[in-house]
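Welcome! Open your viewer, get your selection tool ready, and follow along one stop at a time.

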Amino acid sequence: MKIEKIVVASHNQGKINEIKTMLEPFHITVVSARELDLPDVEETGTTFEENSRLKAETLSKLSGLPCLADDSGLCVHALGNRPGVYSARYAPERDFAKGMEMLLGELAASGSSDRSAHFSCVLALAVPENETKIFEGRVDGTITTEPQGNGGFGYDPIFKPEGYGVTFGNFDSAEKNKISHRGRAFGKFKAFLEGK
Ligand code: IMP
């Protein structure tokens with residue numbers, strides 16, 4: 001599939017810049033939803049796939065262009081995979097120090113000794129007149145008993161990926177991208193663009 005221009009369904013400039021850099025070798029022009037005056041799409045789905053599909057398909061229809069959207073979050077197994085699709089909304093006023101404290105409190109209150117968790121990321125690529133393509137990435141790990149490290153964002157300081165002695169809060173972004181849910185989902189998307 002030859003894509004020349006793509007809308008990224010995000011208003012987060014950091015995310016848009018990362019995607020721009022990643023798509024440079026493919027000679028794909030990246031435009032943001034804001035540049036095209038496209039609206040924010042409400043995440044009304046109950047799964048990562050539903051939300052990413054909803055965002056990509058809505059904005060692709062409105063713009064007539066291919067659109068890439070992502071949805072991601074942290075799933076804590078002892079909490080029935082919560083906060084999951086609600087990860088951003090779980091933290092009061094997007095204060096993740098508070099969000100992490102609440103999550104650690106919930107986990108302690110659950111009485112479970114299971115601290116396993118995973119991050120998921122689902123990317124959806126909607127292209128007019130085509131079936132939407134889905135690319136998924138996941139990283140498994142455990143929830144620490146307190147935040148460690150100041151790097152990353154969101155719940156990174158309480159998530160220790162499998163096979164590592166430190167949390168994502170101690171990773172630099174290049175290192176994290178190699179094993180993260182988002183890195184893995186984008187790896188599959190890039191392989192698709194390369195025709196692999
Ligand atoms: P969205 O995908 O932008 O809707 O938001 C996902 C939310 O999940 C973020 O606000 C974070 O709270 C959390 N999240 C997703 N990926 C990561 C990650 O790599 N590290 C830490 N938190 C993450």
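A polar contact is a pair of N or O atoms within 3.5 Å. Keep that cut-off in mind on this tour, and remember that the model is predicted.

**Stop 1: the ligand.** Select the ligand and show what is around it. It is surrounded by 16 residues, and S72, D156, K176, H181 and R182 are the closest of them. The ligand fills the space of the largest pocket.

**Stop 2: polar partners.** Now pick S72. A polar atom in the side chain of S72 sits 2.9 Å from an oxygen atom of the ligand. Move on to R182, where a side-chain N or O atom is 2.8 Å from a nitrogen atom of the ligand. At Y155, look at the backbone instead: one of its polar atoms lies 3.2 Å from a ligand nitrogen. On its own the ligand has 490 Å² of accessible area, and the protein covers 89% of that.

**Stop 3: the shell.** Colour β3 (67–76), α3 (87–90) and α6 (181–193); each of them gives at least two residues to the shell around the ligand. Which element supplies the largest share? Strand β3 does, with 3 residues. If you colour the shell by residue type, you will find 5 nonpolar, 5 polar and 6 charged residues.

**Stop 4: D70.** Stay on strand β3 and select D70, which belongs to it. Is D70 buried or exposed? Its relative accessible area is 8%, under the 20% cut-off, so D70 counts as buried. Finish by showing K15: its side chain makes a polar contact of 3.0 Å with the side chain of D70.

Notes:
Residues numbered from 1 in each chain as written. Predicted model: local features only at pLDDT ≥ 70, side-chain atom pairs only at ≥ 80, totals over all residues. Heavy atoms only, no water. Near = heavy atom within 4 Å. Polar contact = N/O pair within 3.5 Å; in protein donor to acceptor, adjacent residues only side chain to side chain. Areas by Shrake-Rupley, 256 points an atom, 1.4 Å probe, with all protein chains shown as cover. 1 Å grid on protein atoms, 1.4 Å probe; cavity = no way out; pocket = protein on both sides within 12 Å on 5 of 7 lines; lining within 4 Å. Sits in = over half its atoms within 2 Å of the grid points. Helix = DSSP H or I, 4+ residues; strand = E, 2+ residues; numbered from the N terminus. Nonpolar A, V, L, I, M, F, W, Y, C, P; charged D, E, K, R; others polar. Buried < 20%, exposed > 50% of the residue type's maximum accessible area, 1.4 Å probe, protein only.
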